[in-house]
Structures are given as structure tokens and as C-alpha cells.
Amino acid sequence: MANWRVGVDSGGTFTDVCVLNEQDGSLVVWKTSSSPENPAKAILSGVADGMGLAREQDPAAALAYFGHGTTVATNALIQKRGARTGMLVTEGFGDVLELARQRRPHLYDLEAEKPVPLATRDLRLEVRERTRHDGRVEAELDEAQVREAARQFRENGVDAVAVCFLYSYRNPEHERRAAEILREECPGIFVTASHEIAPEFREYERFSTATVNAYLGPVMETYIHALEPRLGDVGLGSAPHITQSNGGTLSFDTAGREPVRTLLSGPATGVSGALAVMEASGIGDFITFDMGGTSSDISLIEKGEPSLARETSVHGYPLKVPMLDIHTIGAGGGSIAHVDAGGLLKVGPQSAGAVPGPACYGRGGTEPTVCDANVVLQTLNPVSMLGGRLEVDRAAASQAVAGLAGQLGLGLHETAQGIISVVTANMARAIRFVSVRKGYDPREYTLVAFGGAGPLHAARLMLELEMPRTVVPRYPGLLCAMGLLVADLKRNDSITNHLVLGAGAVGAVHETFQRLRERAEAWFEGEGIAPTQRVLRYLVDARYKGQNYELGIPVEASAGGEVDMERIAADFHAAHKRVYGYSVAEQPVELVTFRSEAVASVPKARIPAFDKADWPVEDAKLGMRDVWFPELSGFAPVPVFDRARLGHGHRIAGPAVIEQMDSTTVVLPAMQATVDANLNLILEVIR
Amino acid sequence: MSVIGARAQVSASDKPLRKIDPVSIEVLANALDSIVEDAGEVLIRSSHSPTVKERRDSSTALFDSEGRALCQAAHIPLHFGSLFGIVELITAHYPPSTIREGDIFIGNDAYEGGGTHLNDIVLVEPIFVDGGIVAWTTNVAHHADFFDRGHAHIFQEGLRIPPVKLYKSGVLEEGVQKLILLNTQVPEERISDIRAQVSANRFAIDRFRHLCAKYGTDFMRDASAALLDSAERRMRAGIAEIPDGVYEFEDDFDHPEVSEIFRFGVTATVRGDELDLAFRAPPQVRASLNLVNSALAAASYYAVKAIADPYGPANSGLFRPISITAPSGSMLNAAAPAAVYGRACAAQRVVDLVHGALAQAVPHKVTAAHNGSVTGNTYSGIHPQTGHLYIYGETMGGGGGAGHSRDGLDGVHVHITNSANMPIETLEMEYPMVVERYELTTDSGGPGRHRGGMGIHRRIRVENHDCRVDVRGSRLHAGPWGLEGGLPGAPFSYRFEPPLKDPYKKYTLLHGGQRVSIFTPGGGGHGDPKRRDRALVLRDYREKRISRQAACEIYGMSPEELA
């Protein structure tokens, strides 16, 4: 009897399903339409179909693992369909959430709007209490006022409350007590205290995180409570998991309490999928490039380890929860090209979306998109896409691009190529943002291209940045669903404790790491993780005393919390030199936030390896197509291959186009594509 | 009358410019923007003073070999004034043959050093490729220093630094550094921030050289020139949309530092795709409120860009269709040795003037007056914990002006500044004071069909020591104006507890336990408040953005409607 794992990634348009046989590592993936009115429907039918498929091969197949990616929280935030949310705040500071950092949304645009506060001003109630920066209580919590606030929240029909007091990261007692009273007085109301979700300094960012969490809490709870019992009905015998923004997964319970942790789970899961693929390939340093219809997600992986973002904001709301350091830009296949008043060609951030879509979809779109440019150049199939399911309207694409060509005074194909160049420049800038800006040289990293449009643009991007090679995974359009099956159960904790590194701080440092370890152990116990599966890592955010931005320094701590202080100092100086170009040995180093990452490793989906193909590469050739390359000064006949028929060891010299159901890969002249044992395509310049 | 900014510039390069296609220019523009943005992050993240590290009061820019601004990281519009004449000033003092690779210039003087007040210290480094200067990288950071000085003339306001070499061929000039640091009150903070500024320039140089290696310096020169032309075309297209005409506007200017109320004015003349701004102002004063010509130009360019091309690139090309004049020796075009420390409020008024004039031409594009103040409060004393002198300064936002179709933004930095606030949890950790309240002020937004943004109230208590405080701002006597029947926002005010005899006295001494409450101005309203959507009035009332009295008397709600 084999155990099977099912991953379901439910997006707005498609639900991707991925089924893995734990025994032999074989993997099946497919897409199905989503059911936005009732997301559970598509998810459950995905699981049922997956199990059906498994039972065809093995009647005794059991569903051992269910990994789920969902955009429920993300969509509720974008569409502003969260709960009616109140805030309980330190007296005098009810407007912190709205004042934000006082910076306006755009430097020059007098019409730009700020993001709306998720708790309106009449529902932000103040309470007498004050803790000081060193944790000392200056004014006791007025509990009668908290009870009065609870009454007002009830009367106003509030569904969720964020408790946000100054310095709760240092001394959480008042927040803890106020939350306790609220839970007692308002049963059924979702309560988040800021120290529970983001125990870090800077009040606005912490309050914002707590408020977003409260705003999403009731939505996520409802969703989970509807889905969980029905998973049992389709044969799930173990605890289900939801992906979170740090690349790991959460139990359904935790996701219900801390939904803010799932906001960027989609892109993070793509990175998890890429990590699995690259681990099998043995390449540790790479940059992921996930290009979809409206945006591209980019992240840098060093030595197989993704890094967490120092600070993030989602749709204008800053969040202090662990998220993979993923940089998103508004450039995708559907991005619209236009000529600005200065006569320059711009691409995006406006997108044609799914409706009407690019002009070439023939659904009424008339504006030229990146996708249309590719159709004009015939790098994309000018007849049909998505394995024949989408008919391409090449005439509409040409007409859309021709309009732009007229404005620019360039030829049709030069304009289409111009669109590709500009979108490549936008993406190169985003890659520099995650690499050069942080002291990493992209020329030492492999590009991993996925998402529907990633493989189409990867070759040019790799040339622009002088990167040595590109890896296109076997299923570039379905990497997120695969990521669901390889993500570990993960929890990040943090404690802010300002300490100057030195002999005097040894005791406090040890004690802080010890506290983190206790929290992690408690979580491992609660999740029922066997001791052999537990991995615990530490990090400390450090800076020169006087700075306010920290660099994350990995730390090894013994079971008793002991660490090598000199090693931390040396690693910090080196990191500062790398990122900022200098270090100051005599300057005291301050430790600010101590972090732990507790990981419960799940048995990984193996990326299967294949024997060398015993058929010639010509068998995979679909035919010839005229494709426009500036390197060839125009159209030239180029071989087109079927990705599904390529095998281990096959080599294709550019120029060439490789098509598959979920994506198209372009191999430029003077480049080659080889197929490795895991059936990844490797693009390299021929030297 | 002196002319500020040049309408056309001639390239002094020997090779003829090649025409570069629009795609390549856009590709290069992306690369240059990312250099200045990333260098700006290096500066902020490695700096030590709360003014830069938390409040982001700094900017970075790249200039071509002839000193034309190629791009600026969008932080603080007024900083453009500190940057855009700097390269010419340096080359005027140092013939190119005397400039070596690794030379780093420092300057701050408003008349000779490229600054607009002495606190803005500029660091400039030439970028060499193949032995020649191909471009310049610069940055400016506000240094919270030179506190408790006089303001009769600039000699009282701090150390004047003309552009001098802080590094010669990569080697620190220790004597120059010592001279500067000895003249500052918080030298540890100054040296750490200057180090961060040097490193931001170094970062930009590496990146720029990489571009040159890739594209060639000729291409870089030609594409840069084309980039400026493109910004010019965009700006001209934007100005062309403004109906031709001569538009006049006048406005008051006041400040706690002086008892007079000054009258400023502008004549804005739109002819086709060009705009001429002729300012009028009283003679310069023995106070810190004078504006030097580069600051006037920076404020004017900001004001026009916000109306004509808010999303265009910020480079020298956009200056070309705009000409600016103001009487020499006046408050808006000061001559040495006029004091300039508090020039920011006057710069805000310049924007109000330009927008007031253009509101007559393009009413749908202009908002009512923004809060019109750069409300500053600076504190200095001996920190009881460390025994060291500290200087803590912060400027506060206020209301944004209401627009033709929407309310003004509540509690934001407006126009020529855009620094961030100091988090309470940083402020109290670093300085011996307690923030007691930090909130939006009820009834401060100018009433209108679209309401002006609300001003901010902050109350600070001094703790366990004596300190001197300096509060500054404008719109004291009358709030920022409304448009189309909209009413003014609440004026700027502040008070001490217990009350002081002369609240406007400079550098007031406060003892532990004493408080200061500051109320920043609201934005002007737009349209008749009686025509405001009743549901919005009700919401504002429910959310205590307006009082019951304002809801009834100004917005015309009946008590029943409010019940």
C-alpha cells in the first residue's frame, strides 16, 4: 500500500492539483477551473479526483498529506471584504494607524490616495495605560475602560478587534490582560494582540500587522471551518496544512488565528517548488523568476536557503510577519505597452488581465501587451496556445502593436521587439533590486524561470544580467502546486531585546535564545512533531549601535542557549561590508531582534530522475516556424520542439522554440538548451 | 531681477550626438533610476542619525559630465535645490585638470556650497572611466546640528562649507574632517552619517561604471542627453494643456520668528508649451526665512511638475520650458549673507503661489492649499542617561488640500518635503522625552464639498532634564486657503504647559515635566461645504473628524440628521 499526497493551489482562475506517490516519487499535475463562489467545491473535487487517480493504480491508496494554498486572505484584503474591525489603543494614540509614517503616497501626484485604515476612526477606542520603552509601567491598565470599550464594540457590531499598546513588544502584560478581558466580554469576537502577532518595535508597523490580522481573522476562520470537516469525508486521515508567506506551512488552526501569515503564500510556494527542483539539480545559488499574467515575483536564494524579508507591505499595509524576501513588480504577459508624452515606450503596470486579455486572445482586447508582442514575433505560437485550448488571433495582435509602431515611428517587428526589451529592462531592474542592492552579484547566480511567461523571457533576461545559465523546470506553470508537496511545517518566533554585543550581554543573550527555544519546543509538542523531525535555527538582527536598520546574522546556539559572541560580531562586520561597502571594527554592535525558525521536515517529494533518452532529439521536433530575432535581422525559420517529448541528455542549439502545455521556452541564437536528468531545461550561451 | 535656471543648455561635448532609439533610452532610464534609489537605501540604512535613518531626510542624484541632473531618487523635492547647481560650483572652483579619481567633495553653503541651508550637507564624487569624468554622483542628508544659533545672517547659523575635498584621490583629508567636526554639536552622529553618504556614492559609482562597461561611454552620453530631451518633451506637453494666459496670485507669509506678515506674489504666464514665473517678495530679512535661488527653483519645478507631469522623470530636462525670476536681494532670491535656516516654510509658500495662479487656468488639476508649513520642533539638552548633548528635530505633516473630486489627505507631509515621522518607540528610546498624544485634530480640515485634510496634534513632555526647544512653522494668522467656496484649514498653533509669557521666543528653555503641544495646519477645503454629501458629513461627525457645531453650522446638518 502506498501513501499519496495531494496539493491543491486554489487561485482566482485556476485550481492546480498535484498528486505524489510517496513510494516511487511519481508525480501527476493538472489544472482545473476554480469555483470562486464556493472555493471549497473545486478544492474538494480536486482532492477527490486526485484520490481517484491514485486508487486506479493502487486500490488501497491512502491520502497521507493534504497541502493547500489559498488566496482567501489576499483576496479579502484586496477587495476590502474583511471583518468589521475595531482597535483598542493606548490613550492618545488612536490615530497611529491612520497617520502611518506621514509620508504621502506619491511625491508629485496630488490626487494619489492613501490606503484606507482597516479600522475606522470611530472604532478605534483608546484606553488609559502606559508602558515605557524599558518595559516599566507608568500608568496601570484601566480595566473598567476596557470593559466599557468591549461594550461599545458589541453595540457597534464589531467582528474583530486588534489590541495595540505602545511597547507591548517589551512588556506585553497590558495587551495580554486587555485581550483576555475582551475575549471574556465579547465571546465570538476575533481578538488579536499586537505582541502575539508581531512582537517587534516601531508602533505603526506592529499595529498595522495586528489590524490586518484582525481584519482577516473571521474570514479565514469561516473558510477553514467550512473546509476542514469535508476533507475528512474525502478520506484525509491526517492534519491538513495551509501554506504561509515564509515558504512553510501552517496547521489549519494556526492559519485561522494568524491569517496574516498567509498573505504572500502564493509566491512563496512557487519559491518552495523551485527550491525542490534546484536541490535535485545540486545548484544552491539562484534567482527565481516567476512571471505570470499581471506580475512577476523575484527572489534570491543563497546556498539553497531563501531569506526572509526585513519588512514588507501588502497593498499598502506594512506587515511584520515572516515572509520570504520576494520582490513583486507589475510586469507580466498581460502588461500593456504605451508611448508616454515624452515619446518613450513604457510597459505596464496596467494589465489587460484575464478579461479582455491580450489582443491575441481574440476576446475584444485592443491594447498591445507583452503577449501580443511575442505573437507578432512568433516566439509564441501564432495559431494556438495552452495545448490547443486557446486559439490565437494573430491579426488582432499585429493590429494592436501596429498602433504603437505608428506613434514611435518604428516598424511593426522593431516595436514588438522594443516591448520585449523594455519589459526585460523592468525585470532586470527588479533582479538588481534583490541582488546588487544587497551586495550579491547576479553573474554568480543561476536564473530559475517559471510561471506561464517566465521561460519565454528568461534567455534575454539572463543575457542582460550576464547570468551564467537558466533552469526551466519540467512544469514551469505548475511549480506552485508542486511547492505544496515539498513545504515543511514552519514557525518563526521573534523577541526584540536591545543589547550591545559584549561580555556584559552574554547572560541576556543566552536567556533570550533559551526563551525562543522553549517557544519552539512548545510548538513542536503542540503540533505533535517527532523529535527526529525537528529542526531549529536562530538568527539575530544586528546593527551598529546608532543605526536603525539591521542585518540578519545566522547564529548557532547550543541546547542551553549558548552562542559564540565573537563569531556574531565577525559575521556582522562582514555582512555590513558586503551590503554597505564598509565596516567599522571599533563601533559597538547592537543586537535588536532575536529570531528562531522551527521546522518540522516532511518527507520530501523526490524530483524523479530519468535515464538517458534512447530516442533522437529529432523525434521531439514539431516542425519549423518563422521567428523574428533581432540577432538574425528579421524572420528566420526556427525549429519548434515539443517539451513533453524531450528526454534526458537531449541538446538543442538556438535559435529554437520549445513548447509545452503550460509554457513556451525561447532559446536565442548562440545559446543551447540541454535536458538534465530531472527533465529541466538548461539554457546557456555557447562559448 | 535675476533669472534663475536656464531655458536651454548647449552640450559642450566634442563628438556629435547620435540619435538613440526610444527603447534604449527607456532601458537606460530604468538602470539609472535603480542606481539612485538603491544608493538612497544604502544611505538611509547605514546612517546613524534618526533624522536620516527613521525620517529619511536625504536624497541621491546622478549628474552627467556637464552637471545636468540625470535622475533623482524621489525623497525630498526641496533637496533638488541643494543638488542641481553643485557640479557647476565645483568645476568653477576646481578646474577639471585638478580633479582626480577618488576625490570626494563636501559642501553645504547656501551661496557657495550648493546647499539651501547649512544643515543639508552635500557629498559629491566624480565618476571616472578611462581617465575622464563621465558623470557625477551626489547625495544630500539633513544633519540635525547647528542648534541654538542666531539667524541675523548666515554667519550665525553654523559652519559654512564651500565645496572642498574631503578625500583626495581616495585618501581622507583628516584636517578638513576635524575642522568640520569641531564646528558641530553632535560630532559622532555627523561622522557616522557622512560615512554613510560616502558609501552611498561609492555604491552608485560601481553601478554606473558597470553600465559604462556594458554600453560604452559614448552611448551613455548620447542616451543621457536623449533622456533629458524626453523629460523636456513631457513637460512641454503638460504645459501645453494649460490654457495660454497671464495668471496672478498673492499670498501671506508669516512665521513665529518674526512679527510681520509678508506678502508674496507671482505672475504666471503660459505661452504655448512654456511657462514663465515672475515672483514678487519683500526685501530679505534679518531672520532665517530667506530662500536662495536654487531653493526657489526647486520649489517652482516641484509645483509645476505636480500639475503638468507628475509621473515624468525628475531630471534637468524638465527645467527647460520653465523660466523663473525674482528680485535679487528679496526673500525669495536672497543674496549673501542673508540667513536661510528656516527656508522651508517660504518654499512651501512658493508652491502655494504657483498653484493659486494655475488654479485659475486648470481648476480641475489643482488642489486647495496644502498645509503650507514645514512645522518643525527641535529639542536639545544634555541627555540625563548618557551625559552627552543631543539634538532631536522633527518636522510634522498636516492636512493636504482638498481636490476637485476628493478630500485632502489627513496628516501627511506635503509639497517640498516628504520625510517620515519618528516612531514614538524610537523617539522615547533615544531621547529623554515622552509623547503624550499624537493624533489628528478635530475640525482642522478646511470645510468644503470636499474636505481639506486634517492637521496633527502632538504633545511632548520633557523628562528629568532641562532642554531648549525651537518650534517653527507657518500659517499662524490664517489657515491655508480653500478653492471654489471651500473654507480655509485650521491655522498652525502651539502652546506650552504651563503657559509661557512669550511663546514665540526662540530656543525656549523647558524644565522636566513641562510640555509643548503643537497643532499643524489643516488643508483648505474645495467647494461649498453645504453641498457636501450628507453621508460623508455624518461619517466625519461620527468619526469625530468634525464637531457637532461644525456639522450644524458650517455643513448645515440638522440636529435630527446627526442623531
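I looked up Met624(A) first and found that Met624(A) stands opposite Pro639(A) in β30(A); I note at once that this is a predicted model. Turning to the strands themselves, I find that β29(A) and strand β30 of chain A, residues 634-642, pair in the antiparallel sense over 8 bridges.

I then followed the sheet outward. The order reads β29-β30-β32-β33 in chain A, an open sheet of 4 strands with mixed pairing. β29 (621-629) and β33 (663-667) of chain A each have a single partner strand and stand at the edges, so one side of each is left without a neighbour in the sheet. From one strand to the next, I note a twist that averages 30°.

Next I checked helix α13 of chain A, residues 454-464, where 8 of the 11 residues are buried, so the helix is largely enclosed by the rest of the structure. The buried residues I listed in α13(A) are Gly454(A), Pro455(A), Leu456(A), His457(A), Ala458(A), Ala459(A), Leu461(A) and Met462(A). After α13(A) I came to Glu466(A), which has a positive phi, near 55°.

My last entry concerns chain B, for which the domain assignment gives domain 1 (21-234) and domain 2 (367-532). I looked up the C-alpha centres of domain 1 of chain B and domain 2 of chain B, which lie 30 Å apart, and then the contacts, in which 16 residues of domain 1 of chain B meet 18 residues of domain 2 of chain B. On the side of domain 1 of chain B that touches domain 2 of chain B, I record 7 nonpolar, 3 polar and 6 charged residues.

How values were computed. Residues numbered from 1 in each chain as written. Chains lettered and ligands numbered in written order. Predicted model: local features only at pLDDT ≥ 70, side-chain atom pairs only at ≥ 80, totals over all residues. Pairing = 2+ DSSP bridges. Helix = DSSP H or I, 4+ residues; strand = E, 2+ residues; numbered from the N terminus. Axes fitted to C-alpha atoms, helices over the stretch in contact; angles between N-to-C directions. Buried ≥ 20, exposed ≤ 12 C-beta atoms within 10 Å, placed from the backbone. Domains from an automatic or database assignment. Contact = placed C-beta atoms within 7 Å. Nonpolar A, V, L, I, M, F, W, Y, C, P; charged D, E, K, R; others polar.
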